[in-house]
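Student: Could we go through this model together, beginning with the fold and then turning to a few residues?

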Amino acid sequence: LLIYTIFVGALLFRERLTNVIARIRLSTRWKFLFLMIASGLLAETLAWISNFLAREPQPALLHPQLIPDLILGIGFYSGWAVSWLIAHRFWRFSLLSVFLATGLSGIWTEQAGIAFVNLAQNLFVNPFSAFYGVLYLVIVYGSIAGLAYLPVARELNNPARSNNILKYPDFVRDKI
């Protein structure tokens with residue numbers, strides 16, 4: 001959960017971080033893309049170190065070796081960044097909505113869906129463990145996206161864009 005600690009630290013120094021990123025001479029979209037890749041690679045590195053120190057025989061990573069894991073991570077986190085940039089062409093999103101949406105998507109993204117299957121299997125057998133697993137994934141994946149989004153949120157959120165409920169999938173809209 002070190003990535004979450006870094007995210008909280010970034011929240012505490014939000015203004016400074018935003019000012020530093022604003023000075024970079026790139027478009028906001030490129031900044032976000034690079035920030036998402038950097039945030040993701042940081043998370044992958046921390047996960048790799050954690051698995052290495054625990055001597056995990058089957059680490060829950062994109063690849064068990066660090067360099068191939070980071071190379072695969074570039075593609076994975078670039079895809080997330082592009083997805084968010086496409087969504088931002090139509091709608092506005094708050095930091096909380098980016099955090100939660102990305103965190104919840106981490107449930108079925110983690111280990112190619114195995115985390116979601118484990119959640120479903122443990123929900124009635126051990127609900128505390130199932131809830132803890134979901135909370136853990138939401139916090140980790142949400143922190144990755146939140147860390148990238150935090151310094152560029154104001155620039156990406158054009159007030160002229162819709163904040164309509166249509167930005168959420170049908171199953172979420174039914175609950176709101």
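Tutor: We will take the overall make-up, then two helix pairs, then single residues.

Student: What should I know about how the values were obtained?

Tutor: This is a predicted model, in which local features need pLDDT of at least 70 and side-chain atom pairs count only at pLDDT 80 or more, while totals for chains, interfaces and linings use all residues. Residues are numbered from 1 along each chain as its sequence is written, and side-chain values use heavy atoms, with hydrogens and water left out.

Student: How many helices and strands are there in the chain?

Tutor: The chain has nine helices and zero strands, where helices (H or I, at least four residues) and strands (E, at least two) are DSSP runs, numbered from the N terminus.

Student: And what percentage of the residues is buried?

Tutor: Of the 176 residues, 38% count as buried, a term that stands for under 20% relative accessible area, with exposed being over 50% and partly exposed in between (1.4 Å probe, protein chains only). As for contacts (heavy atoms within 4.5 Å), 75% of those between residues at least 6 apart in sequence join residues at least 24 apart.

Student: OK, helix packing: at what angle do α3 and α4 pack?

Tutor: Helix α3 (residues 28-53) and helix α4 (residues 66-88) pack at about 140 degrees, with 8 Å between their axes; axes are lines fitted to C-alpha atoms, for helices over the stretch in contact, and angles run from 0 to 180 degrees between N-to-C directions. The two helices are therefore oblique to each other, given that angles under 35 degrees count as roughly parallel, over 145 as roughly antiparallel, 65 to 115 as roughly perpendicular and the rest as oblique.

Student: Which residues make that contact, and of what class are they?

Tutor: Among them are Phe32, Met36 and Trp48 of α3, and Ile74, Tyr77 and Trp84 of α4. By class, the contact has 14 nonpolar, four polar and three charged residues, with Ala, Val, Leu, Ile, Met, Phe, Trp, Tyr, Cys and Pro counted as nonpolar, Asp, Glu, Lys and Arg as charged, and the others, Gly among them, as polar.

Student: What about α1 and α7, how do they pack?

Tutor: Helix α1 (residues 2-12) packs on helix α7 (residues 127-149) at about 40 degrees, and their axes are 9 Å apart, which makes α1 oblique to α7. On the α1 side, Ile3, Tyr4, Ile6, Phe7 and Ala10 take part, and they meet Ile139, Val140, Ser143, Ile144, Gly146 and Leu147 in α7. That contact has nine nonpolar, two polar and no charged residues.

Student: Back to Phe32: is it buried or exposed?

Tutor: Phe32, which lies in helix α3, is buried, with a relative accessible area of 1%. Leaving out residues up to four places away in sequence, Phe32 touches Ala81, Trp84, Leu85, Ala148, Tyr149, Val152 and Leu156. The C-alpha atoms of Phe32 and Val152 are separated by 6.7 Å, although these residues are 120 apart along the chain.

Student: And where is Thr18, and what does its side chain reach?

Tutor: Thr18 lies in helix α2 (residues 14-22) and is buried at 11% relative accessible area. A polar atom of the Thr18 side chain lies 2.7 Å from the backbone oxygen of Arg14. Beyond its neighbours within four places in sequence, Thr18 is in contact with Leu150, Pro151 and Arg154.

Student: Last one, where is Asn157 found?

Tutor: Asn157 is in the loop between α8 (153-156) and α9 (170-173), and its side chain reaches the backbone oxygen of Phe93 at 2.6 Å.

Notes:
A polar contact is a pair of N or O atoms within 3.5 Å; within protein, one must be able to donate a hydrogen and the other to accept it, and residues adjacent in sequence count only if both atoms are side-chain atoms.
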